Amino acid sequence: MRWSDMDAYQHINNVAFLGYFEMARVNLFFEHPTHDEKTGMRRGLVVHSHEIAYKRSVVYDADPLEIQIWVSTIRAASFRCHYELFDHGRLAVTGSTVLVPFDFALERPRRITPEEKAFLLRYLDEPDA
């Protein structure tokens, strides 16, 4: 948590949680995979949509929050990430993001490559729908 994430009520502002989820995604898809663009999702992703549910308020604290992230619903040209955010071991926020692989040179969505699908399957926690 950052001091600047706090709102006028001394709670973490609701929009800060999307940033926390983004940090978890970046860590999973861009920092852990290799740098050869053959594993992970280094070729580019864009956010299609977010869903978020606030279970309890979070007050700024020096102790870090815990975020669990997993993948579900892998389709030909999109997939969904789910998140659970814990504050001192208590579930505080849940959410999900639909991500779309994107070709920035052509400025259009693209299909998930077989290598990317194999990478995503390592983090799959729910069967494909």
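Start with the rings: this chain has 7 aromatic pairs. Keep in mind as you click around that you're looking at a predicted model.

**Stop 1: the aromatic cluster.** Select Phe29, Phe79, Phe119 and Tyr123, and show their side chains. Together they form one aromatic cluster. Leave Phe29 and Phe79 highlighted, since both come back at the next stop.

**Stop 2: the core.** Which residues touch the most other members of the largest nonpolar core? Select Phe29, Phe79, Leu85 and Leu120, because those four hold that place among its 22 residues. Now colour by element. Helix α1 (16-31), strand β3, strand β4 (90-103) and helix α2 (114-121) each give two or more residues to this core. Of these, α1 gives the most, with 6 residues. As a bit of background, nonpolar side chains tend to be buried together in soluble globular proteins.

**Stop 3: the whole chain.** Zoom out and switch to a cartoon view. You should find 2 helices and 5 strands. Trace them from the N terminus and the order reads α-β-β-β-β-β-α, so the strands sit between the two helices along the chain. Of the 129 residues in the chain, 37% are buried. Take the contacts with a separation of 6 or more: 60% of them join residues 24 or more positions apart.

**Stop 4: Asp87.** Go to strand β3, which covers residues 79-87, and pick Asp87. Is Asp87 buried or exposed? Asp87 is buried, yet it has no salt bridge. Select Arg56 as well: this is the nearest side chain of opposite charge, and it is 7.0 Å away. A salt bridge needs the two charged groups within 4 Å, so this pair doesn't count as one.

What does the side chain of Asp87 meet, then? Show His88: a polar contact of 2.8 Å joins the two side chains. For the rest of the surroundings, add Val58, Val59, Leu65 and Ala92. Asp87 touches these four, leaving aside residues up to four places away in sequence.

**Stop 5: the salt bridge.** How many salt bridges does the structure hold? There is 1. To see it, select Arg110 and Glu116, whose side chains meet at 2.7 Å, N to O. Check the surroundings of both ends while you're here: Arg110 is buried, and Glu116 is buried too. Glu116 falls within the span of α2, 114-121.

For a last view, show Asp87 and the Arg110–Glu116 pair at once: Asp87 is buried without a salt bridge, while Arg110 and Glu116 are buried and joined by one.

Technical notes
Residues numbered from 1 in each chain as written. Predicted model: local features only at pLDDT ≥ 70, side-chain atom pairs only at ≥ 80, totals over all residues. Heavy atoms only, no water. Helix = DSSP H or I, 4+ residues; strand = E, 2+ residues; numbered from the N terminus. Buried < 20%, exposed > 50% of the residue type's maximum accessible area, 1.4 Å probe, protein only. Lys, Arg positive; Asp, Glu negative; His and termini not counted. Polar contact = N/O pair within 3.5 Å; in protein donor to acceptor, adjacent residues only side chain to side chain. Contact = heavy atoms within 4.5 Å. Core = buried A, V, L, I, M, F, W, Y, C linked by side-chain atoms within 4.5 Å. Phe/Tyr/Trp six-rings, centres within 6.5 Å; stacked < 30°, edge-to-face > 60°.
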